[in-house]
Amino acid sequence: MKKILLLAALLIGSVSAASAANHRVTVSNFVFTPSTVNAAIGDTITWVFVNGMHTTTSTNIPAGARPWNAPIDVSHTRFRIRVRVAGTYSYQCNFHFAQGMVGTIVVSGESPRQVPATN
Ligand SMILES: [Cu+2]
């Protein structure tokens, strides 16, 4: 029994060590907070509604990454993506980008070679 518990503890430990981070971005009137998220491949980004009526909508993403477009409002309080491609992801709120409601996700790869040059 002790051996099984030890094995389970080891497995749980290794899983949590390898598991990806989740980055939370709050969505309130005219602001994504934080506006820039530094993430790694495999991490998740979760937008969390605070107030107002907004969207999170990708505008410029690395080649091969999946675009997204989701409402963030009182009836859509969470939206999550998993980033699988290194590079810089730009997104906006479709209603308030003109007021500066934009955000950036910078995803680093597992090796420096996978990170494209930024401009
Ligand atoms: Cu908005």
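**Notebook: two sheets, one core and an exposed alanine**

I began with alanine 39 and looked up its bridge partner in S9, which turned out to be valine 107. I am working from a predicted model, and I keep that in mind for every entry below.

The pair belongs to the contact between S3 and S9, two strands that I find paired in the parallel sense over five bridges. I then followed the sheet outwards and noted five strands in the order S3-S9-S8-S5-S6, forming an open sheet with mixed pairing. Strand S3 (36–40) and S6 are its edges, and because each has a single partner strand, one side of each is left without a neighbour in the sheet. For the twist I noted that neighbouring strands of this sheet are turned by 25 degrees against each other on average, with direction ignored.

Next I turned to the other sheet, which is also open and mixed in its pairing, and which holds four strands in the order S2-S1-S4-S7. Here the edges are S2 and strand S7 (78–82), each with a single partner strand, so that one side of each is left without a neighbour in the sheet. The twist from one strand to the next averages 20 degrees. Looking at S4 and S7 in particular, I found that they run antiparallel and are joined by five bridges, and that threonine 44 has arginine 82 as its bridge partner in S7.

I stepped back to the whole chain, where I listed one helix and nine strands, running α-β-β-β-β-β-β-β-β-β from the N terminus on. Of the 119 residues, 20% count as buried. Among contacts between residues at least 6 apart in sequence, 53% join residues at least 24 apart.

Which residues touch the most other members of the largest nonpolar core? I found Ile45, Val83, Ile105 and Val107 in that position, within a core of 17 residues. Strand S1 (22–28), strand S2 (31–33), strand S4 (44–49), strand S8 (87–92) and strand S9 (102–108) are the elements that give two or more residues to this core. I checked valine 83 separately and, leaving aside its neighbours within four places in sequence, recorded contacts with Ala39, Ile41, Asp43, Ile45, Ile105 and Val107.

My last entry concerns alanine 63, which I located in the loop between strand S5 (54–60) and strand S6 (69–72). Is alanine 63 buried or exposed? I counted it as exposed, because it has 7 C-beta neighbours inside 10 Å, and the exposed class takes residues with 12 or fewer. The C-alpha atoms of alanine 63 and valine 85 are separated by 8.0 Å, although the two residues lie 22 residues apart along the chain.

Methods
Residues are numbered from 1 along each chain as its sequence is written. This is a predicted model: local features need pLDDT of at least 70, side-chain atom pairs count only at pLDDT 80 or more; totals for chains, interfaces and linings use all residues. A nonpolar core is a set of buried Ala, Val, Leu, Ile, Met, Phe, Trp, Tyr and Cys residues joined through C-beta atoms within 7 Å. Two residues are in contact if their C-beta atoms, placed from the backbone, lie within 7 Å. Two strands pair if DSSP finds at least two bridges between them. Axes are lines fitted to C-alpha atoms, for helices over the stretch in contact, and angles run from 0 to 180 degrees between N-to-C directions.
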